[in-house]
Amino acid sequence: MQKELTIPETCSQTVIHEDVVQQVQATIPKDNSLIEVAELFKVLGDGTRIRILHSLFQTEMCVCDIAYLLNMTQSSISHQLRVLKQAKLVKNRKQGKVVYYSLADDHVIQIFDQALEHVNEDKI
């Protein structure tokens, strides 16, 4: 039998590479933008919201259509759309009494496409 080699996840020595640390530290944003990125990923971390975004890639849709498509209530879809709108991932427009939702901009498509590509890269 072959013994499996395990590699420790921590350094065995305490050596600080100051030049590397300083170089990386200079790139860390001073504002809250990294926190905002984390919040964006939290919003994207919900399966229902991802399914809604994927649906809106195809065309703009009203709440009724999305609810029917995803076999969910209009109330739950409206709640998720509110979260997506607050995160600036979707926008809406009103036509008469109907509110249509669409993706906020091309960045949403790029984020989603990159994530999908990453998930599928080992499946080829």
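Glu-121 lies in the segment after helix H6, which spans 106–120. In this predicted model, Glu-121 is partly exposed, with a relative accessible area of 47%. Glu-121 belongs to a patch of negative charge on the surface. Its partners there are Asp-113, Glu-117 and Asp-122.

A second surface patch is nonpolar. Val-20, Val-24, Ile-28 and Leu-34 form it. Together they offer about 340 Å² of accessible area. Val-24 sits in helix H1, residues 18–25. With a relative accessible area of 45%, Val-24 is partly exposed.

**Salt bridges**

How many salt bridges does the structure hold? There are two. Side chains of opposite charge can pair when their charged atoms come close. The table gives both pairs.

| Salt bridge | N to O distance | Relative accessibility |
|---|---|---|
| Glu-39 and Lys-42 | 3.3 Å | Glu-39 40%; Lys-42 55% |
| Arg-93 and Glu-60 | 2.4 Å | Arg-93 35%; Glu-60 29% |

The pair Glu-39 and Lys-42 lies within helix H2, residues 33–44. The two residues are three apart, about one turn of the helix. Glu-39 counts as partly exposed at 40%, whereas Lys-42 is exposed at 55%. The cut-off for exposed is over 50%, so Lys-42 falls in that class. Glu-39 does not pass that cut-off, so it stays in the partly exposed class.

The other bridge joins the side chains of Arg-93 and Glu-60. Arg-93 is in strand S2, residues 90–95. Glu-60 is in the loop between helix H3 (47–58) and strand S1 (61–62). The two parts are 33 residues apart in sequence, so the pair ties them together. Arg-93 counts as partly exposed at 35% relative accessibility. Glu-60 is partly exposed too, with a relative accessible area of 29%.

**Buried residues**

Is Cys-62 buried or exposed? Cys-62 counts as buried, at 10% relative accessibility. Its place is in strand S1. Leaving aside neighbours within four places in sequence, Cys-62 is in contact with Val-98, Val-99 and Tyr-100. Lys-97 is 35 residues from Cys-62 along the chain. The C-alpha atoms of Cys-62 and Lys-97 are separated by 11 Å.

Gln-80 is another buried residue, with a relative accessible area of 12%. The cut-off for buried is under 20%, so Gln-80 qualifies. Gln-80 is found in helix H5, residues 74–86. Which residues does Gln-80 contact, leaving aside its neighbours within four places in sequence? They are Asp-46, Thr-48, Arg-49 and Ile-52.

**Positive phi in loops**

Asn-71 is not a glycine, yet it has a positive phi of about 55 degrees. Asn-71 lies in the loop between helix H4 (63–70) and H5. Asn-71 is exposed, with a relative accessible area of 72%.

Lys-88 also has a positive phi, about 60 degrees, although it is not a glycine. Where does Lys-88 lie? Lys-88 is in the loop between H5 and S2. At 66% relative accessibility, Lys-88 counts as exposed.

Methods:
Residues are numbered from 1 along each chain as its sequence is written. This is a predicted model: local features need pLDDT of at least 70, side-chain atom pairs count only at pLDDT 80 or more; totals for chains, interfaces and linings use all residues. Side-chain values use heavy atoms; hydrogens and water are left out. Helices (H or I, at least four residues) and strands (E, at least two) are DSSP runs, numbered from the N terminus. Buried means under 20% relative accessible area, exposed over 50%, partly exposed in between (1.4 Å probe, protein chains only). Contact means heavy atoms within 4.5 Å. Patches are made of residues with over 30% relative accessible area and no salt bridge: like charges are joined within 9 Å, nonpolar side chains (Val, Leu, Ile, Met, Phe, Trp, Tyr) within 5 Å. Accessible areas come from the Shrake-Rupley method with a 1.4 Å probe; for residues, only the protein chains shown count as cover. A salt bridge is a side-chain nitrogen of Lys or Arg within 4 Å of a carboxyl oxygen of Asp or Glu. Lys and Arg count as positive and Asp and Glu as negative; His and the chain ends are not counted. The place of a charge is taken as NZ of Lys, CZ of Arg, CG of Asp or CD of Glu.
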